[in-house]
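Reader: I have a structure to read and some terms I do not follow. Can we go through them one by one?

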Amino acid sequence: MQQFDFIVVGGGSSGCVLAARLSEDPANRVLLIESGRRDDARFIHIPSTFFKVIEKGRDIVAYVGEPTQALNDRPSVVIQGHVIGGGSSVNAMVYIRGQAEDYNAWAQAGNSGWSYADVLPVFRDLENNLEIAGDFHGNDGPLHVAQAGFHHPLSHGFVRAAQQVGIPYNPDFNGADQTGAGFYQTTTHNGRRWSAAQAFLRKAEARKNLTILTERRVARITTDGPRATGVTLEDGTSYGAAREVVLCAGAVETPRLLQLSGIGDAAHLKSHGIEVVADLPGVGANYQDHIETTVQGVAKDPISMFRQDKGLAAARHMAQYLLFKTGLLTSNVVESGGFVDVSDAGLPDVQFHVIPSLVGWVDRDPIPDHGLSINPCFLRPKSRGSVKLRSADFRDPALFDAGTFADAADLEVLVRGVKKGIDILNAPALAKLIARRALPEPGVETSDEALRDYVRDTAKTVFHPSGTAKMGPETDKMAVVDDKLRVKGVAGLRVSDASVMPLLVSGNTNAPVMMIAERAARFITDGS
């Protein structure tokens, strides 16, 4: 059995950071295992073509829950990256950290060292911001952050229309105040996606002490008593870890691997005939995600992104991109958006992701016309779901329950978000560009019950699953890891991905996951 010092399971945003950081010390033998392939596909690296990667399906994996009445008998479908770079190789490149209050809540729950004052310096150390300097931003880190290279006229229309309904302009959602509308900063550089693989792994992968395995899946963590000793792959190959195994497999795969390895709720494990290594009832519990719906308007003129990936238009855009690294293909598509308090909560509780096209959902085709999609999502879900085992067979997918709208308050926030989206669509800056509202159909907003039904019929994930191996103090019996991300009761094992978030951050999760990974690397290096 080949031996390493560290085994990192999962080559996504977190795994790329950890593998790079741990391998900086030439004395560390590091193994990174990714179930997907290398990030070689051209469409991964061209910013606006990430939807092509999703359409092809090879570099993503879809976790499908059971149909639920909460979604009008539709299943919840969560897409995750299945490629080196993980979500950072297939997402819309939006750079958001969340609110200071998110991290302060983590600390107040007993997680020492995780307040906003604690994590802000780490965000700054990672960041190389092209436009903004100051107290909230870094300019020397490996992660390039910049404005997208293209802003569509419909995106400009949204930003102006939002201001016309009283939402202030905000040039920096990661600054002192998240509230407002504006253009998202993105993880792009010189017209290319700047994924975690580009930022961290490219330089590291040439190191002799780093081994990277792709298209190999881990079946379980091996243990000797209450200590992790390595991993076994689905093909039966085993690797040893002299110091630590670190799980970076995401909020669905990480709890599944823990449970397959005998780490989880004892009763659940015993029901599948799995020997219990550590009784941790919180494994797979506390699932949280951002859920969004949509407000869509058909444009008066053929100006949106509709069919710009077809025929002569596609050839023209590709030629401009290849020759000059400018134009539509440098767009991250989700160019504009904002954060709004629709519930008088004192903080923004809805985020808008705005797309200059009429988008379809996982389970429905888009309207075949030019237009704009304003997609509100709630930021701090009260609903909780779960990830459990179907069986002890590692080949079986997880039994996944998103718990969408388990708490009716989440539904009400989205109803208010739809109303605010309609107000923005009707504002003068967009009214002169939009011929008619397509979704929700005009008149639906006159009845809150009709709006609730519309939301249930259209709601979908924003692909930010989290919380299934949450961080917490000894007094929290549902906590899975401590404030150094060590799995409780199992030596030599940590979790470093969105699973550890006790509460989901108020925004896109890619930047926070890289911050978590950087902290994990520092804990390990410091001997914590």
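Reader: What makes β18 and strand β21 a pair, and in which sense do they run?

Author: This is a predicted model. Strands pair if there are at least two bridges between them. β18 and β21 (residues 371–378) have four bridges, so they pair, and the sense is antiparallel. At one position, Gly297 stands opposite Leu372 of β21.

Reader: How do you know that β18 is joined to strand β24?

Author: Four bridges link β18 with β24 (residues 434–439), and the two run antiparallel. Gln296, for instance, has Leu439 of β24 as its bridge partner.

Reader: Why is strand β18 called largely enclosed?

Author: Buried means under 20% relative accessible area. Five of the five residues of β18 (residues 295–299) are buried, so the rest of the structure largely encloses this strand.

Reader: Why is Ile84 called buried?

Author: Its relative accessible area is 0%. The cut-off is under 20%, so Ile84 counts as buried. Ile84 sits in the loop between β4 (77–81) and α4 (100–108). Leaving aside neighbours within four places in sequence, the residues in contact with Ile84 include Glu34, Arg37, Leu201 and Ile212.

Reader: How do you know that the span of helix α11 is close to the expected one?

Author: α11 (residues 408–426) has 19 residues and reaches 28 Å from first C-alpha to last, against an expected 27 Å.

Reader: What caps the N-terminal end of α11?

Author: Asp407 does, with a side-chain oxygen 2.9 Å from the backbone nitrogen of Ala409. A polar contact needs such atoms within 3.5 Å, so this distance falls inside the limit.

Methods. Residues are numbered from 1 along each chain as its sequence is written. This is a predicted model: local features need pLDDT of at least 70, side-chain atom pairs count only at pLDDT 80 or more; totals for chains, interfaces and linings use all residues. Side-chain values use heavy atoms; hydrogens and water are left out. The expected span of a helix is 1.5 Å times one less than its number of residues. A polar contact is a pair of N or O atoms within 3.5 Å; within protein, one must be able to donate a hydrogen and the other to accept it, and residues adjacent in sequence count only if both atoms are side-chain atoms. Buried means under 20% relative accessible area, exposed over 50%, partly exposed in between (1.4 Å probe, protein chains only). Contact means heavy atoms within 4.5 Å.
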